[in-house]
Amino acid sequence: MAELGDGRALSTLVRFARLSLDALGRAREEIDALNVYPIPDGDTGTNLFLTFESAHEALHTSLQERRGEEAADLAAALSAYSRGLLLGARGNSGVIMSQLVGALLRRIATAAPDERTAEVFAAGLDEATAASYAAVGQPVEGTILSVARAASEEAMRLASDPSVRTAAVIEGAGRAAREALARTPEQLDVLRDAGVVDAGGRGLCLVLDAAESAFTGRRELPGGDRSRRVIPVLAPPARGDLAEGGPSYEVMYLLDADEETIPALKSALAPLGDSLVVVGGGRLWNVHVHVDDVGAAIEAGLTAGRPHRISVTHFAEQVDEARAKAAKPRERSGRAVVVLAYGDGLARVFSDAGAQVVQPFVDRRPSAGELLESILTTGAAEVVVMPNDRDVVPVAEAAARIAEQDEGVRAVVIPTTAQVQAMAALAVHEPGRPFEQDLVEMTAAARHARSGAVTIAARQAITSAGHCEPGDVLGVVEGDFVVVGQELLDVGVEVVERMLGGGGELFTVVAGAGGELLAQACAEHVAAHHPTVDVLVYDGGQERYPLLFGVE
């Protein structure tokens, strides 16, 4: 793709990942309300958001692993995003969307250097649409499939003209999708009767709009209110009317299996119910079906391969829970603080300060769903969230938005990027004062806390301090690698001096796993060379960072 080199393609993918997730997050409640087909369980918007959140996280993890390398691997990034979509796909529309976007990205990854970008995009969208129709057991018009087909047909028509630029092809696909979305009530009686458009199709329109914005660099999504309709508030159907003789359970699982077993799997699942979708490839598949016989659906997977991450949802119970939740909103009071702690010792420090602690896995950041659960389980009416990781900030903000929309919780994220910033904020936290004043004081304290760290290089990279090899000791100040050395203590002392060069009254040292003696040595250096600075030492227990520093 001569028009779009690897560098620009990678930056476009990163922007698309962020824009699509933001758009689906803002429209989540709206799309949930549109969800009347195939089951009116009001979760399509949430499922699409969580599907794209999984992909966003997978992409950023892939980029973090390659941070500092001289050349980014576009193919690896495309693969990571596609795999994240497949692994995180939820619900009927989420699974179909993972197939659509994944197939498009695979076409981009295999494009020849001399292919026109417009033709690659159009062909990819066409192949993605065909693959999605093939993945669905019984395709139904008036759904996300119809919207995808209209978009791909228009893209192919426009791209056949060599004078039409890529931006115009993407814009045309989005426009055709919005027009097809408006026609969905004419194709499905259940949509017409409810006065809504298809929920999955609405989500696809937002994703295509995000693709256009990512490619063109526009700051606002192009679709705007053109694709938005007035959404009626739909009451949950009575339990007895839920499926009108249709299946009562949604079964989903990931399946490790050879591709030649998939046709037989589809043949076994098709008579059991409806909404059958099987997507994937390379021995990993995502299986979705609505059935009455849950055991038979799982047994079919066992015959084909190894099913795992099995999820079973009883639609009637889901609707009943939504009805009960709406009828009896939870009483909430008080204020709470949710903090992410990346070590057992740090967790104890935050817990002792009165915060509710979330401890992420070392190799996986928390999802918006996990943070949302932490926010809601506080039982508080006002919640402050401190993620302590730059890449978790947008995830925390998404969780806070959902908490406010669904539960009326005043959840606000203080965008902390280091553990020591949360320590400083908690030190001035006062739940007895007005919420806004407490936020101002905590935010100011976090911003005034400068952070540093010492870590070990895991791979070759180019840093601000020069080239590093695996095993080199790296000193970090405010997120930037500023020292490359060989000894932990020497690098630690250098970071201390750089941080205190700008002054400070309180210096905090947090020892990582096994780094207690090292932390004490750094504290003694501060006491000896900066006698007017108070020093605090904590046992943080964090992995990968033998030392964390903070100065206030």
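Is R309 buried or exposed? This is a predicted model, and in it R309 has a relative accessible area of 55%. Since the cut-off for exposed is over 50%, R309 counts as exposed. You will find R309 in strand β4, which covers residues 306-314. Its backbone is worth a look too: the phi of R309 is near 50 degrees, a positive value in a residue other than glycine.

Let's move along the chain to strand β12, residues 473-477. Here 5 of the 5 residues are buried, so the strand is largely enclosed by the rest of the structure. You can check this face by face: V473, G475 and V477 lie on one side and are buried, while L474 and V476 on the other side are buried as well.

Which strands pair with β12? One of them is β9, residues 450-456, which pairs with β12 in the antiparallel sense over 5 bridges. Within that pairing, A453 has V476 of β12 as its bridge partner. Strand β13, residues 480-485, also runs antiparallel to β12, again with 5 bridges. In this case V473 stands opposite G485 of β13.

Now follow the chain from β12 into β13. The two strands form a hairpin with 2 residues between them. E478 sits in this loop, and its phi is positive, near 55 degrees, although the residue is not glycine. How accessible is E478? Its relative accessibility is 44%, so E478 counts as partly exposed, whereas the residues of β12 are buried.

Methods
Residues numbered from 1 in each chain as written. Predicted model: local features only at pLDDT ≥ 70, side-chain atom pairs only at ≥ 80, totals over all residues. Heavy atoms only, no water. Buried < 20%, exposed > 50% of the residue type's maximum accessible area, 1.4 Å probe, protein only. Helix = DSSP H or I, 4+ residues; strand = E, 2+ residues; numbered from the N terminus. Pairing = 2+ DSSP bridges.
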